[in-house]
Amino acid sequence: MRFGIPSSERPKPKRFHLKVPWNKGDGAPHERSRGLREGLSFALLLASTIVLPAFLLSVVAWSSIQSEELAIDGELNQQAKLAVDDVADMHFATFAQFETAARQRATANLPLTSNLSALSPHLRAAYRLDNAGRPLHPLTMGRLTPEEVLSPTQPHQRAIQSERIGEHQQAKLAYRELWEHTTDSRVLAEARYGEARNLWRAALDAHASGEVELAEQFFSEAEQLARVLMQPPLANSRDLRGYRLGDLAAFLSASITSRTHEAQGRSQFQTLLNELLERSWTIGNASEAALAQRILHAHADESWSRNASGILEERANALEWSESIQDEIALLPANAPRREFRYVGAREDTRAVWAFTQFGEDIYAFSFDAHALIADLQTHAANRGQREGLLEVSILGPFETPSATSLSQVALAPQLPFATITAKPTNLQALDTLKRTTRTRRRVVVSIALLSVLFGVLLSARILGREMESANMKADFAANVSHELRSPITQIRLKGEALQLGLTTDEEDLHRHYDAIVHESERLSRLVDNVLDFAAIERGAKRYQMRPEDLRELVATTGEAMRQPLAQRGLELELDIPDELPAVSIDREAIKQVIINLLSNAAKYGADGEWVRIRVRLALDSIDISVVDRGIGISKSDQEKIFEEFYRSADTRVRRKKGTGIGLSIVRYIISAHGGSLSVDSEPGQGATFTVTLPLGPNAPSPE
Ligand code: ADP
């Protein structure tokens, strides 16, 4: 069908056609069952393509909320594991780096027992060991037992006392007496050094009191004595404080030389310092460190002190550290693996982590500070926890058991076998809140999705319903048009044939035939006009020529033209038009068509009402043209739809009459093109009044 109906409104091909007709064997299916069948097909299609999949997806989405919570737990577990591994990695990396650095040094034949911080920041001391596992260098265990340390004898104390109060002569005699009468080499050495030191002090006193010659004599005596003391075996003896006498004597000698030969004296100090720094120091004896410190402090040359003070500081620290872990050193194992590192971890009651290895013939022990290691790990763990936000990462000590909420743990064996890294949720409540919000958010999303599907389904059903209705109406329209066309054509043909065959001879009869032919062709052209106009309107091609017109004349002549068809239905036309009407800007033919359409309807549906009235009323700025009939009237629900194209009331009294359902929609279109309005006022059984309001004045459409 082509009546210029926009493609969107053309009857759609029946997509939901069921193969088995609803009323099988019943000839053409009944209209209602066809609608039902299409509705069912649509429902089935909707259910299978949208509703069921959407429902299944929603069920899956709903059940996945649970697994999402598990995923949160899983993710936290994963994060905990990562965090704990990260801290553990740092720990093990410290030792791996240490091993690599140590191996590189060993390969390059560089010393392994100095420059310790470059090997590892937590390395406190490194020792070369003998075969029995005792430290040899740079520190060694003290050889003297407490019993071997002598307490000063009475004459010795007297000598020291006299020396202190400046009684140098008495002190000298006392020291002499001491070394002449002793058989103990250590007492002998001590007494001789005391004598030398006493001479030095006496020289200084003499010098201060201006006795220069005497002073020089004492200095030279002191120096001679010092030189004797610098030779072994005396030199190797140690005094009561642990100082090696040879060192003390060398210090004294260098001091005396410095007085007269500064450069020579300084070189003596430097030699002594180098010797002190290269020698193995005894753990528990800080004399070398103290003496070296003194040289550096008072007599060092800037250029060599810088280097030496670094070495001294490191050795002094290692000495101090070794003193604090003497018990652990005493228990060092004798055997060490070759080129591999073996660790003896710190226990809860020890301070050092030990690493052993052997390079070439040399066995080494490296001593790390366990507390510093743990402190570093704790800082790193705390940072790691903060970064994760929800996790608390910590290092547990020996007697601490991991909390029940702990998610991951790693032991730090072998270096710190008593310590464990653990990660647990910082705040279980926060975790619950996170889960709850995630759950709620997911539920809302799923519900919204479901609601939108539901909404979509309802909307589609509605749209499809309308489409089906419109398709039905269009189908009806096609049938109605053909039906309407057939009747006048048949009439014209019959009357024409009757005339042609000369069947009608009576003058009056002849006139009736001619009238009928004219009347039917007018009806035919009205119908064709309507269909063509409708097609033009649908195409958007309809144009109106507005001109000032005499509405009174137009309404009257159009009414008169319709008087005959109305009369045929037993209806008398009443015209109620004011004598004076202003000219109105309208399209004459269009308004004529409006009046004809309204009157045609009044003729069709107003039968039995005896009259049909055209009433024209002039208002301030508009003119109302009403067509009033006393026919079947229009129900309220129909009143809302009768202006839609193709709509025909389902009332059987309407259906009995021929019609296409486009008359009123054309009227509506024309009136709106004139800037006017259209209304209906009706009660079922009481007739209907259609009123067209055309604007006058500024609102009126201007003539084109
Ligand atoms: P048609 O008259 O060809 O069906 P119309 O568009 O002119 O189409 O009218 C649409 C519908 O409005 C009619 O089918 C009928 O139900 C209703 N209608 C129109 N005019 C009247 C009237 N004067 N009285 C009762 N019903 C009317």
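**Salt bridges and a nonpolar patch**

Visitor: Let me start with arginine 227: what is its relative accessible area?

Guide: Arginine 227 has a relative accessible area of 41%, which makes it partly exposed; please keep in mind that this is a predicted model.

Visitor: And which residue does arginine 227 form a salt bridge with?

Guide: The partner is glutamate 223, and the closest N and O atoms of the two residues are 2.9 Å apart.

Visitor: Where do those two sit?

Guide: Both are in helix α5, which covers residues 212-229, and they are four residues apart, or about one turn of the helix.

Visitor: Is glutamate 223 buried or exposed?

Guide: Glutamate 223 is buried, with a relative accessible area of 18%, whereas arginine 227 is partly exposed.

Visitor: How many salt bridges does a search of the whole structure find?

Guide: The search finds 32 salt bridges, and one that links distant stretches of sequence joins arginine 384 to aspartate 86, with 2.6 Å between the closest N and O atoms.

Visitor: Which parts does that pair tie together?

Guide: Arginine 384 belongs to helix α11 (residues 370-388) and aspartate 86 to helix α1 (residues 31-107), so the salt bridge ties together parts that are 298 residues apart in sequence.

Visitor: What about burial for arginine 384?

Guide: Arginine 384 counts as buried at 9% relative accessibility, since the cut-off for buried is under 20%, while aspartate 86 is partly exposed, with a relative accessible area of 24%.

Visitor: OK, moving along the chain: what does glutamate 645 pair with?

Guide: The side chain of glutamate 645 meets that of arginine 668 in a salt bridge, with an N to O distance of 3.7 Å. Glutamate 645 is in the loop between α16 (636-639) and α17 (652-655), and arginine 668 is in helix α18 (residues 663-673), so this pair ties together parts that are 23 residues apart in sequence.

Visitor: And how accessible are they?

Guide: Glutamate 645 is buried, with a relative accessible area of 18%, and arginine 668 is partly exposed at 37%.

Visitor: Which residues are linked in a network of salt bridges?

Guide: The network links Arg238, Arg244, Asp247, Glu275, Arg279 and Glu288.

Visitor: Switching topic, which residues form a nonpolar patch on the surface?

Guide: Leu52, Phe55, Leu56 and Val59 form such a patch, and together they have about 390 Å² of accessible area.

Visitor: Where is phenylalanine 55 placed?

Guide: Phenylalanine 55 is in helix α1, the helix that also holds aspartate 86.

Terms used. Residues numbered from 1 in each chain as written. Predicted model: local features only at pLDDT ≥ 70, side-chain atom pairs only at ≥ 80, totals over all residues. Heavy atoms only, no water. Salt bridge = Lys/Arg side-chain N within 4 Å of Asp/Glu carboxyl O. Buried < 20%, exposed > 50% of the residue type's maximum accessible area, 1.4 Å probe, protein only. Patch = residues over 30% accessible without salt bridge, like charges linked within 9 Å, V, L, I, M, F, W, Y side chains within 5 Å. Areas by Shrake-Rupley, 256 points an atom, 1.4 Å probe, with all protein chains shown as cover.
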